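Biologist: Hello! Could you put the model up, so that we can go through the reasoning behind its labels together?

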Amino acid sequence: MLHAKPIITDAPLATVFSKDRCITAPALNAPAGLHYNTRLKMDGLDLLSKLPANAIPVAFFDPQYRGVLDKLSYGNEGVSRGKARCSLAQMSEKTIQAFIAAISRSLIPSGHLFLWMDKFHLCTGFANWLEETALDVVDMLTWHKGRIGMGYRTRRTSEHLVVLQKKPRRAKGIWKVHTIPDIWSEQVKPGSHAHKKPTQLQGELIAAVSNPGDLVIDPAAGSFSVLEACQNTGRNFLGCDLNG
Ligand SMILES: C[S@@+](CC[C@H](N)C(=O)[O-])C[C@H]1O[C@@H](n2cnc3c(N)ncnc32)[C@H](O)[C@@H]1O
């Protein structure tokens, strides 16, 4: 494994809306026993422990929130979609914190973590998840799914994506796609995985904060929608799921 540092070329850039990136992530060989661009079946914390510090430009994390099931009290956990959700390993707050801390460690300076989040955590706060990290909240997007979901009061049609950046926090010379709206409509074919996220949106975000050939990680990959997004954008992928 190479322990090179990211190369920062601080050439003056015209504006914060520049389409250039002034940071190059170090080239990394896959850690022993792991492979790029495939669906690894393993614990995400184990995968993250094998990564060097300050090496990865982009990470996605979509926790299997136990809290949502508790708060919604679906009462239908033995039926259809409820059953599909409950058959996936749930993550405690402590586990989610451990994932985020390990991702923060592995990101290059000014690297990004795209963190999928439900509205309960968004509204009640998640600041404690960032306490042991070098991450700041820099943006947020809402994914409009184009279909009606569950909810006793309003019915859910959206999910949220919090954009976190490792210090130092900056957009100029780092974020290079400036056309992504913060409400994104994309339909995902139901069936493959109860929590599959929009491939096109994830591809746009990857293109915004990495260069072709860069490595993108997703340690709880579900349907491996981020792998698909990497294939569409010419990036390398390293990710896993307990279920493979
Ligand atoms: C919300 S889903 C991810 C969906 C994914 N973003 C997609 O687009 O399909 C969370 C996934 O985390 C997995 N998971 C739970 N605990 C895990 C762990 N310790 N290591 C790796 N994966 C885990 C579950 O099996 C589930 O597939």
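Modeller: The secondary structure of this chain comes to seven helices and ten strands. Keep in mind that the model is predicted.

Biologist: What makes a stretch such as residues 107-117 count as a strand?

Modeller: A strand is a DSSP run of E with at least two residues. Strand β5 has eleven residues, so β5 meets that minimum.

Biologist: Why is β5 described as mostly covered?

Modeller: A residue is buried if 20 or more other C-beta atoms lie within 10 Å of its own. Nine of the eleven residues of β5 are buried, so "mostly covered" fits β5. For the chain, 32% of the 244 residues count as buried.

Biologist: How do you know that β5 pairs with β4 and with β7?

Modeller: Two strands pair if DSSP finds at least two bridges between them. Five bridges join β4 (residues 56-61) to β5, and six join β5 to β7 (residues 158-166), so both pairs pass the cut-off. The strands β4 and β5 run parallel, while β5 and β7 are antiparallel. You can look for F60 opposite F114 in β5, and for L113 opposite L164 in β7. M117 has H160 in β7 as its bridge partner.

Biologist: Which strands make up the open sheet, and in what order?

Modeller: Eight strands form it, in the order β3-β10-β9-β4-β5-β7-β6-β8, with mixed pairing.

Biologist: Why are β3 and β8 called edge strands?

Modeller: Because pairing takes at least two bridges between strands, we can check each side of a strand. Both β3 (40-41) and β8 pair on one side only, so they are the edge strands.

Biologist: What makes you say that helix α6 packs on the sheet?

Modeller: Contact requires C-beta atoms within 7 Å. Helix α6 touches β4, β5, β6, β8 and β9, so we say that α6 packs on the sheet. The direction of α6 makes about 155° with that of β4. Among the buried residues of α6 are L201, L205 and I206, and their cover includes α7 (225-233) as well as strands.

Biologist: Which residues are closest to the ligand?

Modeller: The closest are G44, D62, A220, G222 and S223, out of 22 residues that surround the ligand. That shell divides into nine nonpolar, eight polar and five charged residues.

Biologist: Why does a residue like G44 count as polar?

Modeller: Gly is placed among the polar residues by the rule used here, so G44 is polar. D62 is an Asp, so D62 counts as charged.

Conventions
Residues numbered from 1 in each chain as written. Predicted model: local features only at pLDDT ≥ 70, side-chain atom pairs only at ≥ 80, totals over all residues. Buried ≥ 20, exposed ≤ 12 C-beta atoms within 10 Å, placed from the backbone. Helix = DSSP H or I, 4+ residues; strand = E, 2+ residues; numbered from the N terminus. Near = placed C-beta within 6 Å. Contact = placed C-beta atoms within 7 Å. Axes fitted to C-alpha atoms, helices over the stretch in contact; angles between N-to-C directions.
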